[in-house]
Amino acid sequence: MPFISLLGALLLDLDVILPVRGQFDRLLQLYSDFVRHQLDGGEHRLGLIAWLAVAVPIILGTWLVFCLLSYFSPVLGWLMNVAVLFGLIHFKRNADRMSAMAIDLRKDDLAEARATLASWRGMPGEALDASTLARLSIEQAFVDVHRHWFGLVFWFVLLPGPIGPLLYWVALRLREFWAESKRDTSPAFAEFARKAFHWIDWLPQRLTAITFAIVGNFEDAAYCWRSQARGWPDSDTAALLSSGAGALGVRLGEPIVMNENSEYRPELGTGEAAEPDHLHSAEGLIWRAMVVWIGLLLLLTIASWFGR
């Protein structure tokens with residue numbers, strides 16, 4: 001059942017575009033903002049209570065609906081799984097952004113490439129050269145495909161019904177809304193949201209990093225992960241980006257220079273500097289990793305059928 005649900009959601013994601021999918025994020029943002037306004041008193045304890053106040057009703061309510069539908073018909077339960085996964089998975093969006101960036105850079109249209117990066121990564125791209133644009137795009141692609149595919153799939157397989165991917169999605173969004181946004185959220189209040197996602201994503205991130213190593217250059221991926229991940233400032237992406245850079249054989253990280261300002265970042269990966277053509281290589285790495293996960297899930301499904 002998980003394999004069939006996942007395959008159905010993936011096929012829909014690749015072929016169907018529905019504006020309603022973005023409403024999930026908007027509704028959660030409105031609800032989380034309401035809870036934050038009510039409870040943000042600058043205390044860590046209140047951050048924990050607020051996180052539970054947002055996550056528990058959503059997950060529990062979805063679980064009850066899923067159980068009710070499954071009670072009447074397994075097909076209805078399966079359809080709900082597909083609907084939830086379809087609403088959360090955004091694999092095609094990530095692939096489309098990579099393709100658009102590659103086309104812009106191949107045409108040497110840096111203005112359009114900078115605009116694409118600004119809307120994708122949420123940062124200004126003025127004065128960035130082609131190599132930096134390619135490097136930042138590959139980094140964002142690795143993070144996005146993990147958080148909108150691999151992380152969701154891991155929790156979907158681990159927990160029953162749709163509660164796994166919903167737990168991961170809510171934890172990710174609350175981290176973004178409270179711990180990363182520019183809203184007036186107190187650091188102590190946002191700390192639990194940051195830690196909760198770190199705990200929930202700790203194992204999935206490493207499994208994705210291992211998969212990148214398997215489908216790419218394993219030795220370089222393992223070396224970069226072991227030697228460079230600790231120096232990366234964001235522990236929630238360190239294993240993923242260091243392994244992905246090594247598997248791809250390209251240098252990521254490194255300082256970002258914009259006009260007279262610069263942002264220091266340590267180097268990730270080995271080999272040559274990122275170029276526009278590496279975007280296609282990164283896309284191929286992502287597709288191979290996805291095929292590995294789908295194949296493993298198919299084997300587990302077949303084994304469970306024969307084990308009955």
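**Figure 1. Overall view of the chain in the predicted model.** Buried residues account for 50% of the 308 residues in the chain. The model is predicted. Its secondary structure amounts to 12 helices and 5 strands. The C-alpha trace spans about 60 × 55 × 35 Å along the principal axes. A compact globule of 308 residues would have a radius of gyration near 19 Å, and the value for the chain, 20 Å, agrees with this. Among contacts with a separation of 6 or more, 70% join residues 24 or more positions apart. The chain exposes about 14600 Å², of which carbon and sulfur atoms supply 64%.

**Figure 2. The largest nonpolar core, with Trp149.** This core has 87 residues. The residues with the most contacts inside the core are Trp51, Phe142, Trp149, Trp178 and Phe212. Helix H7 (residues 130-158) gives the most to the core, with 15 residues. Leaving aside residues up to four places away in sequence, Trp149 touches Leu6, Leu10, Ile89, Phe91, Asp144, Met290 and Ile294.

**Figure 3. Asn94 and its surroundings in helix H5**. Is Asn94 buried or exposed? Its relative accessibility is 5%, so Asn94 counts as buried, the cut-off being under 20%. Residues up to four places away in sequence are again left out of the contact list. On that basis Asn94 touches Trp120, Gln140, Ala141, Asp144, Val145 and Ile286. Asp144 is thus listed both for Asn94 and for Trp149.

**Figure 4. Helix H4 (residues 74-88), its span and its buried residues**. The helix has 15 residues, which at 1.5 Å a residue should span 21 Å. The end C-alpha atoms of H4 are 21 Å apart, in agreement with that expectation. Which residues of H4 are buried? They are Gly77, Met80, Asn81, Val82, Val84, Leu85, Phe86, Gly87 and Leu88.

**Figure 5. The open sheet of 3 strands.** The strand order is S4-S1-S5, and the pairing is mixed. Strand S4 (267-268) and strand S5 (272-273) are the edge strands, each pairing on one side only. Strand S1 (residues 250-253) pairs with S4 in the antiparallel sense, over 2 bridges. Leu252 has Leu268 in S4 as its bridge partner. In general, the strands of a sheet pair through backbone hydrogen bonds, in either a parallel or an antiparallel sense.

**Figure 6. Glu254, a loop residue with positive phi**. Glu254 is located in the loop between S1 and strand S2 (256-258). Its phi is about 65°, a positive value although Glu254 is not a glycine. How is Glu254 classed, as buried or exposed? With a relative accessible area of 17%, Glu254 is buried, because the limit for that class is under 20%.

**Figure 7. Asp108, a loop residue with positive phi**. Asp108 lies in the loop joining helix H5 (91-106) and helix H6 (110-121). Phi of Asp108 is near 60°, which is positive in a residue other than glycine. Asp108 has 57% relative accessibility and therefore counts as exposed, a class that begins over 50%. Positive phi values thus occur here in an exposed residue, Asp108, and in a buried residue, Glu254.

Notes:
Residues numbered from 1 in each chain as written. Predicted model: local features only at pLDDT ≥ 70, side-chain atom pairs only at ≥ 80, totals over all residues. Heavy atoms only, no water. Pairing = 2+ DSSP bridges. Helix = DSSP H or I, 4+ residues; strand = E, 2+ residues; numbered from the N terminus. Expected span 1.5 Å × (residues − 1). Buried < 20%, exposed > 50% of the residue type's maximum accessible area, 1.4 Å probe, protein only. Core = buried A, V, L, I, M, F, W, Y, C linked by side-chain atoms within 4.5 Å. Contact = heavy atoms within 4.5 Å. Rg over C-alpha atoms; globule rule 2.2 N^0.38 Å. Areas by Shrake-Rupley, 256 points an atom, 1.4 Å probe, with all protein chains shown as cover.
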